[in-house]
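Here's a quick briefing to read alongside the model. Have the structure open and follow along.

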There are 2 protein chains.
Amino acid sequence: MESQLNAITVLSGGTGGARFLQGLLHGIHSGLVSPTARVTIVANTADDVWMHGLKISPDLDAVMYTLGDGIDPEHGSGRRNETRSAQEELAAYGVEPTWFTLGDREIATHLVRTQMLEAGYPLSQITAALCKRWLSPAYGDTVRLVPMSDDRVETHVAIADPDAPSGRRVVHVQEYFVRLHAEVPAEAVAVIGLDESVPAPGVLAAIAEADLVILPPSNPIVSLGPILGVPGIVDALRATSAKVVGVSPVIGDRFVGSANAGASTGSMGEQLMTATGVEVSAAGVAKLYAARSAGGVLDGWLVDSTDAAVVAEVEALGMACRAVPLLMTDHAATATMATAAIELVG
Amino acid sequence: MESQLNAITVLSGGTGGARFLQGLLHGIHSGLVSPTARVTIVANTADDVWMHGLKISPDLDAVMYTLGDGIDPEHGSGRRNETRSAQEELAAYGVEPTWFTLGDREIATHLVRTQMLEAGYPLSQITAALCKRWLSPAYGDTVRLVPMSDDRVETHVAIADPDAPSGRRVVHVQEYFVRLHAEVPAEAVAVIGLDESVPAPGVLAAIAEADLVILPPSNPIVSLGPILGVPGIVDALRATSAKVVGVSPVIGDRFVGSANAGASTGSMGEQLMTATGVEVSAAGVAKLYAARSAGGVLDGWLVDSTDAAVVAEVEALGMACRAVPLLMTDHAATATMATAAIELVG
């Protein structure tokens, strides 16, 4: 290991980011990464949605459940030993939407979150309260989860709809992902509320005071895109003395979601990158984030071993680049990948 | 059968009232009672409570689930094939209260109700919407369930608490029943909001236009007491051209809840009658409701066969009285009991 890292900040989406974090924490625990490192996770909340009167934060929950060993290992999302009685019953009432997956254990988290919101607590404080159960037992105060913003921000996807007067229809990103399985071509992505949002307390400080900032292989459009779109966050990334390193979510011409987090995740990555004009390649995502030296946010970019051919192209963008195995097959492989990212900018 | 009954109105609490209604509807269906009768159920809502941000209406739900064949037959309350995952999870978060029973299927009903309330619908319209699932398939529009009031009314019970400066503490009736199993002596009962409440739309008309009004063997203090306490309801009962007949919830010196609806129900009946100065006997409850001829609400009162000795005492109050078997052992027995009540004032 190179220099001691005391503070690592990770910008994270849901399943993919959570798996990366699991590997990173495994690396810290096993000494591969600086064992004194404290980790702050800034999570996307633009996937959040209100359903049946419940405030649902899928990415915050995916990170909490994954790191707190409560995740359903088979699906990589949702709770272990879950039941779906309430969802069955809502369907029996004919209450829409019926396509959203709502586990009974998940409902408990949603109830606590919703009730605290209604009592006036901001999402960041609610998240800290929920993490007392999920993160504190294993990590004490060395791992902290913070929403990107306490403000309501929601991503919507425009799809073709021949029946609509405008020829298109806008659906919440959850509907695009869960009901439509991201199989319908996307025409545009709009993140409602993003321009007016402010970073949650602690987010800018976590970037400013970090020794290292990591962008894990999360979806660049609907996971990391909204985080980077919160006014102030990109400026903080440009200004921080920490190095900023990212891991490509694309291997070859496929979004790795298809291997790491299920077919719909992969399909969503590819559809939404295409819709927003981002080339579905490791170099395409590097160009989107861009080098700090060229007004972007990255000092380094990790691509998959099979993409070694793009290393020179990425380096030409003004950032360090290296090709290593990126498939997060287990904690150890992911920890090795996280270590490679750290060493790249060390 | 005597004269044709077109409209029967039943004032009902939860489990006991629901079982009585099941027998009455069985009687109507089988021709024991006038097969053309339409039934309006005016249910107690003073047991209602907000838990974890959910509006819970135990008596409305008990009636819906029982008549719609969704009740857990073993417990006489709650849903059949219920799971408790959300409750387990709330306990794992350490979120109070942990003593309240919250089934996952029940949560779905609570979510629909809460969301509709927040959208501005009154409880009576929400109840009608929920009953499209529970009552319409079997009964069409011949059975209607109406809350006593759309206003928030909640029953609280004062119990001794040596640690409190006043020497007593006030708990919600649900806490008294579910957490304390009604085993602690009650000192007083207060129904908060009752004096300012108004009957829900349709309640006064259902009493005025009925051919018969029935008070089933529900708890006189916390089930029928609050219904009778909604301003205007007693006046409507005194003014209606319908006969008003009741069924004693007490057999001997025991509240029949102990036989019909579980030990806590029985205990609660006895504790709260004692606390409010009502003699725990069939005649004691008849005195509480009193004869219409003496400024009360009853024209007739059914007591159990084993209480034949009190018939003369009840008749002396100015109402008809008869002793018949009152244990609701099955639908047929209950239908026979309902028929006896009807014949008593026929």
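A word on naming: helices are DSSP runs of H or I with at least four residues, strands are runs of E with at least two, and both are numbered from the N terminus. With that in hand, B:Pro97 can be placed in the loop between α3 and α4 of chain B. Keep in mind that this is a predicted model.

**The proline loops**

- The bond leading into B:Pro97, from B:Glu96, is a cis peptide with omega near -5°.
- Chain A has a cis peptide bond too, running from A:Glu96 to A:Pro97, with omega near -5°.
- A:Pro97 sits in the loop that links α3 (85-93) and α4 (104-118) of chain A.

**Where chain B meets chain A**

- On the chain B side 27 residues make contact, and they touch 27 residues of chain A.
- Interface size is often quoted as the accessible area that is lost when the parts come together.
- Here the two chains bury about 2,300 Å² between them, with carbon and sulfur atoms giving 57% of that area.
- Eight salt bridges are counted between chain B and chain A.
- For one to look up, try B:Arg79 and A:Glu89, whose side chains pair in a salt bridge at 2.7 Å, N to O.
- There are also twelve residue pairs in polar contact across the two chains, counting pairs with both residues at pLDDT 80 or more.
- On chain B, α2 (58-67), α3 (85-93), α4 (104-118) and α5 (123-134) each put at least two residues into the side that touches chain A.
- The largest share of that side comes from α4(B), with nine residues.
- By type, the chain B residues touching chain A split into 14 nonpolar, six polar and seven charged.

**Helix α1 of chain A**

- How far apart are the end C-alpha atoms of helix α1 (residues 15-29) of chain A? They are 21 Å apart, which agrees with the 21 Å that 15 residues should span at 1.5 Å a residue.
- Most of α1(A) is covered, with eleven of its 15 residues buried.
- Among the buried ones are A:Gly16, A:Gly17, A:Phe20, A:Leu21, A:Leu24, A:Leu25 and A:Ile28.
- Just past the end of α1(A), A:Gly31 has a positive phi of about 90°.

**A:Ser218 and its surroundings**

- You'll find A:Ser218 in the loop between β9 (212-215) and α9 (224-229) of chain A.
- Is A:Ser218 buried or exposed? A:Ser218 has a relative accessible area of 4%, which is under the 20% cut-off, so this serine counts as buried.
- A polar atom of the A:Ser218 side chain lies 3.2 Å from the backbone nitrogen of A:Gly13.
- Leaving aside neighbours within four places in sequence, the contacts of A:Ser218 include A:Ser12, A:Gly13, A:Pro249, A:Phe255 and A:Tyr289.
- That contact list also includes A:Gly16 and A:Gly17, two of the buried residues of α1(A).

**Two histidines with positive phi**

- A:His52 isn't a glycine, yet its phi is positive, near 55°.
- A:His52 belongs to the loop between β3 (49-51) and β4 (54-56) of chain A, and at 7% relative accessible area A:His52 is buried.
- B:His181 is another non-glycine residue with a positive phi, about 50°.
- B:His181 lies in the loop between α7 (173-179) and β8 (186-192) of chain B.
- With 37% relative accessibility, B:His181 falls between the 20% and 50% cut-offs, so B:His181 counts as partly exposed.

Key. Residues numbered from 1 in each chain as written. Chains lettered and ligands numbered in written order. Predicted model: local features only at pLDDT ≥ 70, side-chain atom pairs only at ≥ 80, totals over all residues. Heavy atoms only, no water. Expected span 1.5 Å × (residues − 1). Buried < 20%, exposed > 50% of the residue type's maximum accessible area, 1.4 Å probe, protein only. Contact = heavy atoms within 4.5 Å. Buried area = accessible area lost by both parts, 1.4 Å probe. Salt bridge = Lys/Arg side-chain N within 4 Å of Asp/Glu carboxyl O. Polar contact = N/O pair within 3.5 Å; in protein donor to acceptor, adjacent residues only side chain to side chain. Nonpolar A, V, L, I, M, F, W, Y, C, P; charged D, E, K, R; others polar.
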